[in-house]
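Take a look at the protein below. We will walk through it step by step, from the overall layout to single residues.

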Amino acid sequence: MVTVKTSTDEPKFKEVYCADCKMVLARYSIKYFTDTDINELVHVHYSAHIKEGHAIETRLAM
Ligand SMILES: [Zn+2]
């Protein structure tokens, strides 16, 4: 399950964070990646976490 959180700030990056592993898996520039792109990338590169049922969040980072 991927949760996208938004904010009124002007962020430069979105962080892909796994709450179960307690680590940031990746950062994507929002200039080049849409939410849809990021969701796809997460599913391709981090499907192991998803299959294990880990809680992956995409959150804004400066
Ligand atoms: Zn994980």
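Helices and strands are runs assigned by DSSP, at least four residues for a helix and at least two for a strand, and they are numbered from the N terminus. With that in hand, Ala55 can be placed: it sits in the loop between α2 (47-51) and β4 (56-61). The model you are looking at is predicted.

Start with the layout. The protein has two helices and four strands. Read from the N terminus, their order is β-β-β-α-α-β. The chain has 62 residues, and 10% of them count as buried. Now consider contacts between residues with a separation of 6 or more. Of these, 61% join residues 24 or more positions apart.

Next, follow the strands. β2 and β3 pair in the antiparallel sense, over six bridges. Two of the residue pairs can be named. Val16 has Ala26 as its bridge partner in β3. Lys14 has Tyr28 as its bridge partner in β3. β2 also pairs with β4. These two strands run antiparallel as well, joined by six bridges. Here Val16 appears again, with Thr58 as its bridge partner in β4.

Now for the turn. β2 and β3 form a hairpin, with four residues between them. Lys22 belongs to this loop, which lies between β2 (13-18) and β3 (23-29). Its phi is positive, about 55°, although Lys22 is not a glycine. Is Lys22 buried or exposed? A residue counts as exposed if 12 or fewer other C-beta atoms lie within 10 Å of its own. Lys22 has 7 other C-beta atoms within 10 Å, so it is exposed.

Go back to Val16, which lies in strand β2. Why does Val16 count as buried? The cut-off for buried is 20 or more other C-beta atoms within 10 Å. Val16 counts as buried because it has 23 C-beta neighbours inside 10 Å. Which residues does Val16 contact, leaving aside its neighbours within four places in sequence? They are Val24, Leu25, Ala26, Ile38, Val42, Tyr46, Ile56 and Thr58. Take Ile56 from that list. Val16 and Ile56 are 40 residues apart in sequence, yet their C-alpha atoms are 6.9 Å apart in space.

Tyr46 is another residue on that list. It lies in the loop between α1 and α2. Not counting residues up to four places away in sequence, Tyr46 touches Val16, Leu25 and Ile56. The C-alpha atoms of Tyr46 and Val16 are separated by 9.7 Å, and the two residues are 30 residues apart along the chain. How exposed is Tyr46? Tyr46 has 18 other C-beta atoms within 10 Å, so it is partly exposed.

Two loop residues remain. Thr34 is in the loop between β3 and α1 (35-45). Thr34 counts as exposed because it has 11 C-beta neighbours inside 10 Å. From C-alpha to C-alpha, Thr34 is 9.7 Å from Lys14, and the two are 20 residues apart in sequence.

Finally, return to Ala55, in the loop before β4. Where does its neighbour count put it? Ala55 has 14 other C-beta atoms within 10 Å, so it is partly exposed. Its C-alpha atom is separated from that of Cys21 by 8.9 Å, although Ala55 and Cys21 are 34 residues apart along the chain.

Put the pieces together. β2 pairs with β3, and β2 also pairs with β4. Val16 in β2 has a bridge partner in β3 and another in β4. Val16 is buried, whereas Lys22 in the hairpin turn is exposed.

How values were computed
Residues numbered from 1 in each chain as written. Predicted model: local features only at pLDDT ≥ 70, side-chain atom pairs only at ≥ 80, totals over all residues. Contact = placed C-beta atoms within 7 Å. Pairing = 2+ DSSP bridges.
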